[in-house]
Amino acid sequence: MTIQRMDNVGIVVEDLDAAVAFFIELGMELQGSRMQIEEDWAAKVVGLEGMHSEIAMMAIPGAPGRLELTKYHTPEPVPPTPAVPPANTMGVHRVMFAVDDIEDTLARLRPHGGELIGEVSRFEDSFLLCYMRGPSGIIIGLAEQLG
């Protein structure tokens, strides 16, 4: 048995509009339209009786893989504890994106709720790297290749 591909990474958000706008500003696009999910099959998959959610599939144009942004309406989403977990919290840590210009990307994402975590740091002569917190506490990594 072999894995065919990684299809998507799911991220639960509090404000779907804000999350979609954040990732569009990063350079992703909404695939199709947002979808309401409330059928029995979905409740069985996620193990939440009476589940009703809305999803938005985000993709990098011309690249494989997607982000599935999910807003749960019922049952209500459970906030993490603490509300802003530190970088060493177990679970999904961050999604890393390669960008052309890290400073420009940071400047464009700030009006969409992006906050730099730590600082932009140089790894040898290869990369500029940083982490940024976006809507609903999502952590993304940004990497600009040097040279």
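Which residues do ring pairs link into a cluster? In this predicted model, the cluster joined by ring pairs consists of Phe-22, Phe-23 and Phe-97, and the legends below begin with an overall view before turning to that cluster and to other sites.

**Figure 1. Overall view of the predicted chain, with its 3 helices and 9 strands.** Read along the sequence, the secondary structure elements follow the pattern β-α-β-β-α-β-β-β-α-β-β-β, and the C-alpha trace spans about 50 × 35 × 35 Å along its principal axes. The chain has 147 residues, of which 33% count as buried, while its accessible surface comes to about 9,400 Å², with 54% of that area belonging to carbon and sulfur atoms. Among the contacts between residues at least 6 apart in sequence, 55% join residues that are at least 24 apart.

**Figure 2. Close-up of the aromatic cluster formed by Phe-22, Phe-23 and Phe-97.** The structure holds 2 aromatic pairs. Phe-22 and Phe-23 make an edge-to-face pair, with 5.3 Å from centre to centre and 85° between the planes, and both Phe-22 and Phe-23 are buried. The rings of Phe-23 and Phe-97 have their centres 6.3 Å apart and their planes at 50°, so this pair is classed as tilted. Because Phe-23 lies in helix H1 and Phe-97 in strand E6, the tilted pair ties together parts that are 74 residues apart in sequence. The relative accessibility of Phe-23 is 1%, so Phe-23 counts as buried, and Phe-97, with a relative accessible area of 8%, is buried as well.

**Figure 3. Close-up of the largest nonpolar core, which has 26 residues.** The residues with the most contacts inside this core are Phe-23, Leu-26, Leu-67, Leu-69, Phe-97, Ile-140 and Leu-142. At least two core residues are supplied by each of helix H1 (16-26), strand E4, strand E5 (66-74), strand E6 (95-98), helix H3 (102-109), strand E8 (127-133) and strand E9 (139-145), and H1 gives the most, with 6 residues. Apart from this core lies another, of 6 residues, which includes Ala-42, Ala-43, Met-51 and Tyr-72. When neighbours within four places in sequence are left aside, Leu-69 is in contact with Ile-11, Val-13, Leu-16, Ala-19, Val-20, Phe-23, Glu-54, Ile-55, Ala-56 and Met-58.

**Figure 4. Close-up of Ser-53 in strand E4, which runs over residues 52-59.** With a relative accessible area of 3%, Ser-53 falls under the 20% limit and is therefore buried. Not counting residues up to four places away in sequence, Ser-53 touches Met-35, Gln-36, Ile-37, Thr-70, Lys-71, Tyr-72 and His-73.

**Figure 5. Close-up of salt bridges, of which the whole structure holds 6.** The side chains of Asp-17 and Arg-34 meet at 2.6 Å, N to O, and this pair links distant parts of the chain, with Asp-17 in helix H1 and Arg-34 in the loop between strand E2 (29-30) and strand E3 (35-37), 17 residues apart. Arg-34 is partly exposed, with a relative accessible area of 29%. A salt bridge of 3.1 Å, N to O, joins the side chains of Glu-25 and Arg-108, which lie in helix H1 and helix H3 respectively and are 83 residues apart. Both ends of this bridge are partly exposed, Glu-25 at 24% relative accessibility and Arg-108 with a relative accessible area of 27%. Salt bridges that share partners also join Arg-5, Asp-7 and Arg-66 into one network, in which the closest N and O atoms of Asp-7 and Arg-5 are 3.4 Å apart. Within that pair, Asp-7 is partly exposed, with a relative accessible area of 31%, whereas Arg-5 is exposed, with a relative accessible area of 56%.

**Figure 6. Close-up of the nonpolar surface patch formed by Trp-41, Val-45 and Val-46.** Together these residues have about 330 Å² of accessible area. Val-45 is placed in helix H2, which covers residues 40-46, and its relative accessibility of 64% is over the 50% limit, so Val-45 counts as exposed.

**Figure 7. Close-up of Ala-18 in helix H1, shown with Gly-134.** Although Ala-18 and Gly-134 are 116 residues apart in sequence, their C-alpha atoms are 9.0 Å apart in space. Ala-18 is partly exposed, with a relative accessible area of 24%.

Terms used. Residues numbered from 1 in each chain as written. Predicted model: local features only at pLDDT ≥ 70, side-chain atom pairs only at ≥ 80, totals over all residues. Heavy atoms only, no water. Helix = DSSP H or I, 4+ residues; strand = E, 2+ residues; numbered from the N terminus. Buried < 20%, exposed > 50% of the residue type's maximum accessible area, 1.4 Å probe, protein only. Contact = heavy atoms within 4.5 Å. Core = buried A, V, L, I, M, F, W, Y, C linked by side-chain atoms within 4.5 Å. Patch = residues over 30% accessible without salt bridge, like charges linked within 9 Å, V, L, I, M, F, W, Y side chains within 5 Å. Areas by Shrake-Rupley, 256 points an atom, 1.4 Å probe, with all protein chains shown as cover. Salt bridge = Lys/Arg side-chain N within 4 Å of Asp/Glu carboxyl O. Phe/Tyr/Trp six-rings, centres within 6.5 Å; stacked < 30°, edge-to-face > 60°.
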